[in-house]
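Welcome! Please open your viewer, show the side chains, and get ready to pick out some rings.

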Amino acid sequence: MSTPSPAALPIRRLTPRDLTACADLSENRGWPREEHKWSLLLAAGTGYGIDDPDGGLVTACVVTEYGPHERPDLGAIGMVLVAERHARQGIGRRLMRHVVAEMGTTPLTLHATPSGRPLYEELGFKVTGRAEMVRGHFVPGGVESEVVTRPATADDLTAVLRLDEEIFGVDRTHMITRLPAFSDQLCVAEENGRIIGYASAWPNRDTHVVGPLIARDTETAKALIASLAAHADRPLRTDIDVRHEELLSWLKDHGLVSIAFNSVMTYGISELPGDWTRRFAPLTVAAG
């Protein structure tokens with residue numbers, strides 16, 4: 001009996017039980033396995049994939065929806081992968097068309113690598129921004145910040161959620177409430193008892209990823225990163241909106257180097273909601 005063509009195989013919803021298969025698919029394409037990140041995305045979002053008759057997955061992606069459950073305000077698409085032996089056969093295009101159709105009128109966003117961008121443009125996504133990935137051991141120094149930072153507590157959650165929705169532009173409670181368990185560090189900046197920013201550092205392979213990074217201004221963002229770095233035992237990595245030129249220069253002055261650029265793309269909206277001037281880095285590029 002001949003093996004069915006992947007083009008004819010059904011697309012199904014993925015669940016947390018597919019974690020190992022998703023990590024295997026990442027590894028197949030030369031990405032780190034990232035089980036920790038996959039576990040978050042599969043729990044908080046909706047995965048889509050095609051089973052390989054020979055075992056594992058032919059393709060996969062995850063959509064994280066934000067806003068009301070019945071009518072989401074935004075869907076973030078990430079972790080779009082096709083197994084090496086099935087690449088360049090139109091399977092990724094088929095999966096993406098399916099996801100866009102499933103999401104209906106919900107506005108969509110994603111971070112595209114240079115190689116992935118042509119496919120997304122073909123599907124109608126538009127480039128609306130750019131993010132620079134930087135990585136390295138943070139080297140402290142310079143004038144000590146006057147911004148007060150401290151570890152977040154359970155009592156801070158309501159204020160953090162309120163600030164996040166104000167700046168991100170849509171409600172992502174189901175994702176932010178997972179940060180205390182997902183992150184190694186979660187800290188806040190405050191002024192006169194009021195929270196003016198927050199950030200987390202979560203483990204990813206041999207780095208700590210800084211994200212989300214939400215702050216009143218650049219000085220607050222710097223203070224949050226410095227606070228996280230002071231208690232990190234790995235290099236830092238983060239994806240900064242390129243419009244935050246001062247923060248990027250400061251990070252490079254403190255030991256981080258540029259390693260990649262991704263295009264921020266949207267579908268169904270001309271730009272992302274919220275206030276970009278206070279949104280410095282996503283939780284992860286896969287989830288916005």
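Here is a short tour of aromatic rings and the charges beside them.

Before you select anything, note that this is a predicted model, in which local features need pLDDT of at least 70, side-chain atom pairs count only at pLDDT 80 or more, and totals for chains, interfaces and linings use all residues. Residues are numbered from 1 along each chain as its sequence is written, and side-chain values use heavy atoms, with hydrogens and water left out.

**Stop 1: a ring pair.** Searching the whole structure gives five aromatic pairs. Rings of Phe, Tyr and Trp (its six-membered ring) pair if their centres lie within 6.5 Å; planes under 30 degrees apart are stacked, over 60 edge-to-face, and the rest tilted. Select Tyr66 and Phe168: the ring centres are 5.4 Å apart and the planes lie at 75 degrees, so this pair is edge-to-face. Tyr66 belongs to strand β3 (residues 57-66) and Phe168 to helix α5 (residues 157-168), so the pair ties together parts 102 residues apart in sequence. Helices (H or I, at least four residues) and strands (E, at least two) are DSSP runs, numbered from the N terminus.

Are Tyr66 and Phe168 buried or exposed? Both are buried (under 20% relative accessible area; exposed is over 50%, partly exposed in between, with a 1.4 Å probe and protein chains only).

**Stop 2: a charge over a ring.** Keep Phe168 and add Arg172, whose charged end sits over the Phe168 ring, 3.8 Å from its centre. This label needs NZ of Lys or CZ of Arg within 6 Å of the ring centre and within 35 degrees of the ring normal.

**Stop 3: a cluster.** Now select Tyr120, Phe125 and Tyr267, which form one aromatic cluster.
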